[in-house]
Structures are given as structure tokens and as C-alpha cells.
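Hello,

Here is the structure I promised to pass on. Please have a look, then read my notes below.

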Amino acid sequence: MAQEVSSSLKARDEVRTLCPEDYHKGYCGLLSKLATVGDVSENQFVERVKFLQGKEEDYAVFVIEDTTKSTILATGTLLVEYKIIHALGKVSNQRSSELLLYLISISLSLYIYIPLLLTLTQF
């Protein structure tokens, strides 16, 4: 499945986790198409990204960057929910647009159950 996703991306596109430099690559602007972002300074953004990087086992933010323009094109979040049901299983909940298949492939590689109902956001 990861090959299917990779083949749908252009050569200039890079899929990776969110990093502090994405503040200058339009990440907040992209999010503002979905919801009110508010006044987020670069320092606040960097601190939040560092916090999230420490949570990547359970909460990971992915981006697709157009590397020729240094612009973030899409973003998606992988959340892992620890359950009592499903024999103490894990459930991943994706909030994404173009990254949905990529996140599903990550979920499958981690042997995480994927619920049928996903929250999708079209940017």
C-alpha cells in the first residue's frame, strides 16, 4: 500500500513528520483552511512541535511538502487510542486528506486496528 501512495505523489513531494521549520513553510496557513488557528508565534509553534515529537508513539503529525517551493501541501495526524476492547488492542484514528492511505499503511505496519469510521478533512 505504501507503494500505491508513493506512486501518487509527485517526485518533488516529500512525506515526513512535522518539524519546527514548517512554521515558515505555510503549515499554520494550511490549517487555517480548516479551522481558526489563532495568533501562534514561531516560538510557540516550535515548542508545540517539540512536545509532539516526544509523543510520536501515540500521536504523530505528518506533512507532504513540495520541496521545490518549500511549501506544506497536506497534513494528517495519526492518533493511537489504547483500548480495553479488542483484547487490549490499539485503535488508530486518522484526520487527513491526501495522507489517509499513507497513514493507513503506517497503521498496518504497526499492527494497529483501524476503525471503519474515520474523521476526514478535505483541505
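The largest cavity is lined by T17, L18, V49, L52, Q53, E56, Y59, A60 and V61. Bear in mind that the model is predicted. Two elements, α3 (42-53) and β2 (59-66), each give at least two residues to that lining. By type, the lining residues are six nonpolar, two polar and one charged. E56 is on the lining list, and Glu counts as charged. T17 and Q53 are on the list too.

How much space lies in the largest cavity? About 50 Å³. The search covered the whole structure and turned up one cavity of 30 Å³ or more.

Now the fold. The chain has five helices and five strands. Along the sequence they run α-β-α-α-β-β-α-β-α-β. So you can place the two cavity elements by their residue ranges: α3 spans 42-53 and β2 spans 59-66.

Next, packing and surface. The chain has 123 residues, and 37% of them are buried. Buried here means under 20% relative accessible area. Take the contacts between residues at least 6 apart in sequence: 51% of these join residues at least 24 apart. The exposed area of the chain is about 7800 Å². Carbon and sulfur atoms supply 54% of that area.

If you open the model, start with the cavity lining. V49, L52 and Q53 are among the residues there, and so are Y59, A60 and V61.

Best wishes

Technical notes. Residues numbered from 1 in each chain as written. Predicted model: local features only at pLDDT ≥ 70, side-chain atom pairs only at ≥ 80, totals over all residues. Heavy atoms only, no water. Helix = DSSP H or I, 4+ residues; strand = E, 2+ residues; numbered from the N terminus. Buried < 20%, exposed > 50% of the residue type's maximum accessible area, 1.4 Å probe, protein only. Contact = heavy atoms within 4.5 Å. Areas by Shrake-Rupley, 256 points an atom, 1.4 Å probe, with all protein chains shown as cover. 1 Å grid on protein atoms, 1.4 Å probe; cavity = no way out; pocket = protein on both sides within 12 Å on 5 of 7 lines; lining within 4 Å. Points joined across faces, edges and corners; volume = space filled by probe spheres on them.
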